[in-house]
Amino acid sequence: MLKLYGGTRSRASIVQWYLEELGVDYEFVMLDMQAGEHKQPEYLKINPMGKVPAIVDGDLHLWESGAILLYLSDKYGKTSLSPQQRGIFSQWVLFANATLGPGIFIEANREREMPRLLTPLNEIFGRQSFLLGDEFTVADVAVGSILAYIPIMLKLDLSAYPAVLNYIQRISESPAFQKSIGGRS
């Protein structure tokens, strides 16, 4: 059975959300980060960086939330992806981790980056239900998790982005979201 390693209030909840959406059986292994369980030799064999999340799926040890999301999409997703579709999914997952997260959560970047990033997202969600159209995908888990953390962790005013607020509300009502991210807020 797939094992997901995480800690309290960690990015493992993003992976857990996607596992729940996919209906994949998994075991959540909660590491006590305060006690340093993520720095113990047995865990460092799974992730030598000593960070969470990480998964073990058979012989595969994989870490970095974006890489894990893309792997789960490839292995358990309900559609086979063309190289073009895989590229688009990867684009959004990498955008969430490398651009959106730092743009919003690093305070020094926020004033400049928030309008630059949320304005086009607001336009996208004004036209369609999800990032890639009418179907929820791994791209929505990656980007949606960052967006959903804004009201949970930062309490920022997003009223200038009503379609983003509507999107956050819609995705946060999912039972899988509630079991993972919503259950930790």
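Q: Which residues of helix 1 are buried?

A: Let's get our terms straight. Buried means under 20% relative accessible area, exposed means over 50%, and partly exposed is in between (1.4 Å probe, protein chains only). Helices (H or I, at least four residues) and strands (E, at least two) are DSSP runs, numbered from the N terminus. Now for the case here: the buried ones in helix 1 are Ala12, Ser13, Ile14, Val15, Gln16, Trp17, Tyr18, Leu19 and Leu22. That makes helix 1 mostly covered, with nine of its eleven residues buried.

Q: Before we go on, what kind of model is this?

A: It's a predicted one: local features need pLDDT of at least 70, side-chain atom pairs count only at pLDDT 80 or more, and totals for chains, interfaces and linings use all residues. Residues are numbered from 1 along each chain as its sequence is written, and side-chain values use heavy atoms, with hydrogens and water left out.

Q: Okay. How many salt bridges are there?

A: A salt bridge is a side-chain nitrogen of Lys or Arg within 4 Å of a carboxyl oxygen of Asp or Glu. By that rule, the count here is five. Try Lys179 and Glu20: their closest N and O atoms are 3.4 Å apart. Lys179 belongs to helix 8 (residues 175-179) and Glu20 to helix 1 (residues 12-22), so to speak two distant parts of the chain, 159 residues apart, get linked.

Q: Are those two partners, Lys179 and Glu20, buried or exposed?

A: Check each one separately. Lys179 is exposed, at a relative accessible area of 52%. Glu20 is partly exposed, at 22%.

Q: Which residue forms a salt bridge with Asp57?

A: That would be Lys75, with 2.9 Å between the closest N and O atoms. Asp57 sits in strand 3 (residues 54-57) and Lys75 in helix 3 (residues 65-76), so this pair ties together parts that are 18 residues apart in sequence. Asp57 counts as buried, with 11% relative accessibility, while Lys75 counts as partly exposed, with 44%.

Q: What about a salt bridge inside one helix, say Arg116 with Glu113? Where do they lie?

A: Here's the general idea: an α-helix has 3.6 residues a turn, so residues three or four places apart point the same way. In our case, Arg116 and Glu113 both lie in helix 5, three residues apart, which is about one turn of the helix. Their closest N and O atoms are 2.8 Å apart. Arg116 is exposed, with a relative accessible area of 54%, whereas Glu113 counts as buried at 9% relative accessibility.

Q: Which residues are linked with them in a network of salt bridges?

A: Add Arg112 to the pair: Arg112, Glu113 and Arg116 are linked in a network.

Q: And Arg110, which side chain of opposite charge is nearest to it?

A: For charges, Lys and Arg count as positive and Asp and Glu as negative; His and the chain ends are not counted. Arg110's nearest opposite is Glu107, 4.6 Å away, and Arg110 has no salt bridge although it is buried. You'll find Arg110 in helix 5 (residues 107-127).

Q: Then what is Arg110 in contact with?

A: Contact means heavy atoms within 4.5 Å. Leave aside the neighbours within four places in sequence, and Arg110 touches Gly103, Ile104, Phe105, Pro115, Leu154 and Leu156.

Q: Let's look at the backbone. Which residues other than glycine have a positive phi?

A: Glu64 and Lys155 are two to look up. Glu64 has a phi near 85 degrees and is in the loop between strand 4 (60-63) and helix 3. At a relative accessible area of 48%, Glu64 is partly exposed. Lys155 has a phi near 55 degrees and is in the loop between helix 6 and helix 7 (162-172). With 64% relative accessible area, Lys155 is exposed.

Q: Where does Gly23 come in?

A: Look just after helix 1: Gly23 takes a positive phi there, of about 75 degrees.

Q: One more. Is the peptide bond from Val52 to Pro53 cis or trans?

A: Read the omega angle: this bond is cis, with omega near 10 degrees. To spot Pro53, go to the loop between helix 2 (41-44) and strand 3.
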